[in-house]
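Dear colleague,

Here is the structure I promised to hand over, with the sequence alongside. Please look through it first, and then read my notes on the strands below.

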Amino acid sequence: MTIPEVTPVAASTWLVGGYGPDMDGGAEGVSVMRSRDDGSLELSHLAAAVPSPSFVAVEGDKVYSTLEGSGQIAVFDRDGDSLSEPTLVSSGGQYPCHVTVMGTTVIAANYGTGTLGVIEVDATSSDVTMRQMVETTGLGPRPQQEGPHAHSSIFVDEHTLLSLDLGADRIRIFGYADHALEQVDEVVLPAGFGPRDIVAREDNLFYVLGELGCGVLVFEWKNRQLHQLCSISLPGATEGDQAAAIAISDDSRHAYVGVRHSNLIAVLAIADDGRSVAPLTAVSCGGNWPRHIILDSGILHVCNQLSNEIASFRIDENGIPQLIAAPTRIPSPTYLARIA
């Protein structure tokens, strides 16, 4: 592949999480990465030695991470790129893989048990308290769907949470108040779709990614309900592939999805009104098993978990990712979060 000429980009600093030995990986904890002039990333130092911080969320001077193997959530105070000793709390289940933060509330999605943990973080101290554990039920037709598998969630507003259940092919709709959830509705998705990731767009639009069905559904939130607008299959994906994460371009014209096993980045074209997407093309992810992808200032970063590297791509004028440089070696990367 021809490496394109690039102009220097604004400096950025990132936290990277990964799988450690308790999840069959090599990561030592949460590390810091910094951008090079070309936009690719280089490893700086270890910020926190914790086991398998597979997902990292940054909210002001707080950092939240799932410790997937131990079933805990770690809460750090952040000073620049330095992290404090963590405060640990149960995630409310097994294999937490995602957290959503709103104010002093943290919602942990537990893949292993399908449960949601509602955690309160005191704004003026280091106190962290598990307030509620929400149990769910359900299953799907695929071997990976033997029971409920909560995988991610997002707040629609301060009183409403959407939660994706990969195991039960459901979007669960919860009312929220005072650190407590109550399910009020649900959307049944196509059998075997396996919803994994969700991103919000303007105009109350939501894009939902199916890990097992390798597709994208577009929904509109209207009159307190989700209404499906569009459904497409990922370009380049074949039977046995798994879709991993979705990112939207800065100009909202394209979406990018990591496709594991075939090791691709699927590229989608987004309609001007955002209400539909269409398959465009697929390119190599630059490694093996793209788990998390994130797009920032025209640069797409891909955490290739099994090849132990992060690949960075510049998005060209047609919306196609172009590899910037040789991927950066880092053990078992699973998530990137920008801090500066």
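Two strands are said to pair if DSSP finds at least two bridges between them. With that in mind, and keeping in view that this is a predicted model, strand β22 (residues 254-260) and strand β23 (residues 264-270) are joined by 6 bridges and run antiparallel. Within this pair, H254 of β22 stands opposite A269 in β23.

These two strands belong to an open sheet of 4 strands, in which the order is β21-β22-β23-β24 and the pairing is antiparallel. At its edges lie β21 (242-248) and β24 (277-284), each of which pairs on one side only. From one strand to the next, the twist averages 25 degrees. As a general reminder, strands of a sheet pair through backbone hydrogen bonds, either parallel or antiparallel.

The other region I went through centres on strand β11. Of the 6 residues of β11 (residues 116-121), 5 are buried, so the strand is largely enclosed by the rest of the structure; buried here means under 20% relative accessible area.

On one hand, β11 pairs with strand β10 (residues 105-110) in the antiparallel sense over 5 bridges, and A108 has G117 in β11 as its bridge partner. The two strands form a hairpin with 5 residues between them, and G114, in the turn, has a positive phi of about 75 degrees.

On the other hand, β11 is joined to strand β12 (residues 128-134) by 6 bridges, again running antiparallel, with I119 standing opposite M130 in β12. Here too there is a hairpin, which connects β11 to β12 through 6 residues.

With best regards

Note on methods: Residues numbered from 1 in each chain as written. Predicted model: local features only at pLDDT ≥ 70, side-chain atom pairs only at ≥ 80, totals over all residues. Heavy atoms only, no water. Buried < 20%, exposed > 50% of the residue type's maximum accessible area, 1.4 Å probe, protein only. Axes fitted to C-alpha atoms, helices over the stretch in contact; angles between N-to-C directions.
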